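Subject: Structure handover

Hello,

Here is the structure we talked about. Please open it before reading the notes below.

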Amino acid sequence: MITFQHQVVLVTGGARGLGLAYVRCIAKLGAIVFIQDIGADSQGNGSDPTIAQRSAQMLQAEGFDVRAITGSLSSREECHQLVKHVIQQSGQLNAVIHNAGWVAYQPIEQLNEESFDHMLSIATKAPLWLAQAAWPTMKSAGYGRIVVTTSCRALYGQYAQIGLAAYAAAKMAIVGAMNILNLEGEKHGIIVNAVSPVAKTRMWGIEDEPNELHPADVAPGVAFLASSACQSGGWILRAANGQFHATKALEAEHVDYPRNIQGVSAKTAQDVVEQWSKIAITDVEPRK
């Protein structure tokens with residue numbers, strides 16, 4: 001049975017939408033949950049600390065041990081300070097769920113460095129800095145769970161959308177980082193996974209409870225990834241509409257990387273042209 005009794009969990013972007021659903025689900029399972037949320041708008045701009053405070057008070061009124069904690073994620077130092085404050089207040093930190101983020105549309109001809117860096121800062125850099133800050137405590141305890149957030153808009157070409165180059169780049173980058181973090185953490189009992197969630201939230205322009213694709217239907221999968229019941233890492237958990245599918249990129253059987261990738265032989269560019277139908281295999285068997 002999954003339990004978070006005597007555990008401390010930090011959830012970024014935890015005051016609304018998916019983050020709030022994660023906080024409530026994990027708090028119900030017994031965790032002390034710290035909510036970080038600067039209260040930015042749907043474009044990631046501005047701040048309102050009362051939003052996290054109100055969400056914490058609401059959940060406290062429901063009988064849960066949920067605490068708002070102030071702090072930004074915009075730099076390494078601020079991420080480290082956030083984790084430091086959680087540990088100072090609770091004496092431990094067992095899991096970090098990085099949910100904070102937003103969706104900003106900029107077609108490639110309009111994309112600018114400031115917007116790109118802003119996206120990378122929250123979606124890619126912040127989870128790395130949070131993991132770095134939490135690492136010594138988790139390593140000392142011989143236990144830790146870290147959950148980062150990616151997106152099927154980045155992972156699968158058929159779900160790509162115009163204007164999401166920066167978003168997709170940041171969300172794909174964190175998958176690579178997740179693989180390395182999990183490798184580094186394995187021997188210390190630190191397990192790192194990613195979630196690719198779909199829910200109708202402010203990112204869809206929806207402020208109230210949606211009529212479908214509820215955030216609460218994603219939360220059980222994230223709670224599992226953040227719990228001691230999760231014993232393997234490097235997974236991307238696709239989560240939507242109360243359904244879950246865990247996937248990861250795995251090398252084909254019998255590959256001797258990089259000398260023999262079990263591919264189609266081609267010595268010239270023309271060989272590649274002529275063999276392309278064999279090289280580019282897109283047929284995928286449906287899951288049973």
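The helices and strands named here are DSSP runs, numbered from the N terminus, where a helix has at least four residues and a strand at least two. By that rule Ile-51 lies in helix H2, which covers residues 50-61. Please keep in mind that this is a predicted model.

Ile-51 counts as buried, because its relative accessibility is 12% and the cut-off for buried is under 20%. Its C-alpha atom is 38 Å from that of Ala-249, and the two residues are 198 residues apart along the chain.

Helices

Helix H1 takes in residues 17-28. Twelve residues at 1.5 Å each should span 16 Å, and the end C-alpha atoms of H1 are 17 Å apart, which agrees. Nine of the twelve are buried, so H1 is largely enclosed by the rest of the structure. Among the buried residues are Leu-18, Tyr-22, Cys-25 and Ile-26. After H1 comes Gly-30, with a positive phi near 105°.

Helix H4 has 29 residues, 113-141. The expected span is 42 Å, and the end C-alpha atoms are 40 Å apart, which agrees. Where does H4 bend? The bend is at Trp-135 and amounts to about 45°, with the proline Pro-136 following within four residues. At the N-terminal end, H4 is capped by Asn-112, which has a side-chain oxygen 3.3 Å from the backbone nitrogen of Glu-114. Gly-142 follows H4 and has a positive phi, near 70°.

Strands

Strands E1 (residues 8-12) and E2 are paired in the parallel sense, over five bridges. One of the bridge partners is easy to look up: Val-11 is matched with Ile-35 in E2. E2 covers residues 32-36, and four of its five residues are buried.

Strands E7 (residues 236-240) and E8 (residues 243-247) run antiparallel and are joined by five bridges. Here Ala-239 has Phe-244 of E8 as its bridge partner. The hairpin has two residues between the strands, and Asn-241 in this hairpin has a positive phi near 60°.

Rings

A pair of aromatic rings is described by the distance of the centres and the angle of the planes. How many aromatic pairs does the count come to? The count is one aromatic pair. Tyr-156 and Tyr-159 form it, edge-to-face, at 5.9 Å centre to centre and with 70° between the planes. Tyr-156 is partly exposed at 23% relative accessible area, and Tyr-159 is also partly exposed, at 34%.

Two charged side chains lie over the face of a tryptophan: Arg-76 over Trp-129, at 5.7 Å from the ring centre, and Lys-248 over Trp-235, at 4.3 Å from the ring centre.

Backbone exceptions

Most residues other than glycine have a negative phi, and most peptide bonds are trans. His-6, in the segment before E1, has a positive phi near 65°. His-6 is exposed, with a relative accessible area of 69%. His-254 also has a positive phi, of about 70°, and is found in the loop between E8 and H8. At 61% relative accessibility, His-254 counts as exposed. Pro-258 has its place in the loop between E8 and helix H8 (269-279). The peptide bond joining Tyr-257 and Pro-258 is cis, with omega about 0°.

Regards

Key
Residues are numbered from 1 along each chain as its sequence is written. This is a predicted model: local features need pLDDT of at least 70, side-chain atom pairs count only at pLDDT 80 or more; totals for chains, interfaces and linings use all residues. Side-chain values use heavy atoms; hydrogens and water are left out. The expected span of a helix is 1.5 Å times one less than its number of residues. The bend at a residue is the angle between axes fitted to the seven residues ending there and the seven starting there. A polar contact is a pair of N or O atoms within 3.5 Å; within protein, one must be able to donate a hydrogen and the other to accept it, and residues adjacent in sequence count only if both atoms are side-chain atoms. Rings of Phe, Tyr and Trp (its six-membered ring) pair if their centres lie within 6.5 Å; planes under 30 degrees apart count as stacked, over 60 as edge-to-face and the rest as tilted. Buried means under 20% relative accessible area, exposed over 50%, partly exposed in between (1.4 Å probe, protein chains only). A charge sits over a ring if NZ of Lys or CZ of Arg is within 6 Å of the ring centre and within 35 degrees of the ring normal. Two strands pair if DSSP finds at least two bridges between them.
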